[in-house]
Amino acid sequence: MQWRLLRPVSLVPAALVLTTVAAGAEAGKSSGPSEFLLVVQIVLLMAVGRGLGEIMQRIGQPSVIGELLAGIILGPSLLGWIWPEAQHAIFPKTPEQKAMIDGIAQFGILLLLLLTGMETDLLVFQLIRWANDNLVSAAAVITVILLLMSVMALITHLIGVHTVLGAFVAGILVGESPILTRQIDERLRGLISSFFMPVFFGLAGLSADLSVLRDPDLLMLTGLLVVIASVGKFGGAFVGGTLGRLNYRESLALASGMNARGSTEVIIATIGLSIGVLSQNLFTMIVTMAIVTTMAMPPMLRAALAKLPMNNEERERLEREEFEKRGFVANLERPLLAVDESVNATFAAHIAGLIAGTRGLPITVLHIGKRAAEQEKVRDEEESHEAVVKKAAETVSADGDGDTGNVDVLTRARRAELGETIAEEARKGFDLLVVGIDKVAAAKDRFDRKIEHIAAKFEGPLAIVAAKGKHLKQPMPDALNILVPVSGSGVSKRGAEVAVALAQAGSGSLRVIYVATTRDKGAQRGVSHGLSQEAGILKDASDLAARYEVDITTTLRVNRAPEAAILREIDTTDADLVVMGVDRIQADHLSFGGVADAVLRQSKVSVLLVSSGEARRAPAEKA
């Protein structure tokens, strides 16, 4: 361990002395509750709890252990034993003062149970979606979640059940809602872990008085409680794993992990103490048991896992999870589809439905055509874009798990100027805009004016769809024969991810072609002197497809200009959709570079351009 982490500990005695002097002076001013003392208590619990939690994590222990130990150190177990005057000055026993910090702790319990409920998989998110889309104030969704939790807690209290059940139910209702984006989730968890957890678990530690364990009888009973709890949790999980056909080592690892539920035990014990079900001594024994069993878990689990060889299925799962942390499609949460009344709009709805269906993503259909209001009214008809999205999502392989193929579709219509409409929708947190309108390209190297207005108001990733060939007559194809060019760049990998997702969602074929670059204006290349890099890039694409059980064909083209190689591949294969990852280039108009422009204009088959959100400078031309 890095000993520099312990340096701040040397400041604790000085801080306690100053705090005690200030607390004593404050106590002498008034006999009533003091806001100053409340702030002092919170600051000490947060500072010591977070500091010890950091140290615990560095040595492989849960941070909650540090927060509990902070309360024990600041409570009668240590500070009250060494310096009782200081402990009483900072944490007086007067009911009015104690009620202030207890109120914060009780709200912390509700939030902790909210988080526990959110680990479930029920999806009720219309309220969250409404808050996200209609309220403009900061952190509106978090406010709605806290209100929902509070209302549910009040309801359960009124029917004679403890408020924590209401908070838990609220967590279930919020659950893994697709609208609960990572940013919102991280804010909520950050608030709870940085403020309420140190205060609550610190107070739990303060309420425990380890000095009572000097009684041999209580000490023996505590040891017996630890044994009973360990045997119950460890033995139950081990038997359950065995009955579930896990082998001995897997069952041992499962039992080791389940032996630590210290935070839950402390929450339950705190509730029991507050309603008078538990005595002070029994509460201390339970807190001690929670600390011992929780601290024993990490070394036990590491020892169990060290003897458990990782099978291929587990290795593939971990590799996929690691890949998906950095991936594009895997991290999509909420796409937006902007369409008019054209055939290209129907094809774009089909593409968007396939992408959303692979992950069960909620999708919003924004009608921006001349008959936008009419389109909004007929959303339930069979020919509507919403119906196309749902039908495409339902075609996703039945082998998918979770909510694969089940998407929630919301309809909106343009009611203002196009740019204003897109800007209004963009602020709601969409992470991909799929565009399908009648006219895509305009004059040479320029997109249609509507496309440029849309792109100017949406800073995130864009997917521009251009239906061509047979897709103009059949915009909802049963299969897609996809061609995707790769060059090793980040944007080409993004295009490959989208292509694999589309291939995974339906039937058809996927062909990957290596081109020398997709970041120039089509300059001719000479023959490559070595193919190891190119072969490696194609292998990466093959590995990506293999992760999602998609069969692909690879082609190497290094002696042609990239756009010529792509167009040649179109002419000589059965490809009917080209998916290209492209850069948005800084210019006075929307531009994805010469290669993308050439393919978009000259291709005889449909094109899907997937761009990054940020614009980059165009590369200088070489002589």
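This report walks through the helices, cores, surface patch and salt bridges of the structure above, which is a predicted model.

**A helix to start with**

Helix 2 covers residues 35–58 and has 24 residues. At 1.5 Å a residue, helix 2 should span 34 Å, and its end C-alpha atoms are indeed 34 Å apart, so the expected and computed values agree. Look just after helix 2 and you will find Gly60, which takes a positive phi of about 85 degrees.

**Inside the protein**

Now let us turn to the interior. The largest nonpolar core has 68 residues. Within this core, Leu74, Leu114, Leu188, Phe200 and Phe201 touch the most other members. A second, separate core holds 56 residues, including Leu337, Ala392, Val407 and Val498.

What does Leu114 contact, leaving aside its neighbours within four places in sequence? Its partners are Ile145, Met149, Ala167, Ala170, Gly171 and Leu188.

Thr222 is another residue worth finding, and its place is in helix 11, residues 216–243. Is Thr222 buried or exposed? Its relative accessible area is 3%, and buried means under 20%, so Thr222 counts as buried. Not counting residues up to four places away in sequence, Thr222 touches Leu213, Met285 and Thr288.

**A nonpolar patch on the surface**

Some nonpolar residues sit on the outside instead. Val151, Ile155, Leu158, Ile159, Val161 and Leu165 form a nonpolar patch on the surface, and together they have about 560 Å² of accessible area. Which helix gives the most to this patch? That is helix 8, residues 140–158, with three residues. An α-helix has 3.6 residues a turn, so residues three or four places apart point the same way. Ile159, in contrast, has its place in the loop between helix 8 and helix 9 (163–174). With a relative accessible area of 61%, Ile159 is exposed, because the cut-off for exposed is over 50%.

**Salt bridges across the chain**

The model has a count of 15 salt bridges. Three of them are listed here, with the N to O distance for each pair.

| Salt bridge | Distance, N to O |
|---|---|
| Glu265 and Lys233 | 2.7 Å |
| Glu376 and Arg415 | 2.5 Å |
| Lys604 and Asp571 | 3.2 Å |

Start with Glu265 and Lys233, whose side chains meet in a salt bridge. Glu265 lies in helix 13 (residues 262–274) and Lys233 in helix 11, so the pair ties together parts that are 32 residues apart in sequence. Glu265 is buried, at a relative accessible area of 16%, and Lys233 is buried too, at 18%.

Next come Glu376 and Arg415, which also meet in a salt bridge. This pair links distant parts of the chain, 39 residues apart: Glu376 is in helix 17 (residues 372–377), and Arg415 is in the loop between strand 3 (409–413) and helix 19 (418–426). Glu376 is partly exposed, with a relative accessible area of 23%, while Arg415 counts as exposed at 63% relative accessibility.

The third pair in the table is Lys604 and Asp571. Lys604 lies in the loop between helix 24 (594–602) and strand 10 (606–616), and Asp571 in helix 23 (residues 562–572), so the pair ties together parts that are 33 residues apart in sequence. Lys604 counts as exposed, at 58% relative accessibility, whereas Asp571 is partly exposed, with a relative accessible area of 48%.

Finally, Arg412, Glu425 and Lys428 are joined into one network by salt bridges that share partners.

Terms used: Residues are numbered from 1 along each chain as its sequence is written. This is a predicted model: local features need pLDDT of at least 70, side-chain atom pairs count only at pLDDT 80 or more; totals for chains, interfaces and linings use all residues. Side-chain values use heavy atoms; hydrogens and water are left out. Patches are made of residues with over 30% relative accessible area and no salt bridge: like charges are joined within 9 Å, nonpolar side chains (Val, Leu, Ile, Met, Phe, Trp, Tyr) within 5 Å. Accessible areas come from the Shrake-Rupley method with a 1.4 Å probe; for residues, only the protein chains shown count as cover. A salt bridge is a side-chain nitrogen of Lys or Arg within 4 Å of a carboxyl oxygen of Asp or Glu. Helices (H or I, at least four residues) and strands (E, at least two) are DSSP runs, numbered from the N terminus. Buried means under 20% relative accessible area, exposed over 50%, partly exposed in between (1.4 Å probe, protein chains only). A nonpolar core is a set of buried Ala, Val, Leu, Ile, Met, Phe, Trp, Tyr and Cys residues joined through side-chain atoms within 4.5 Å. Contact means heavy atoms within 4.5 Å. The expected span of a helix is 1.5 Å times one less than its number of residues.
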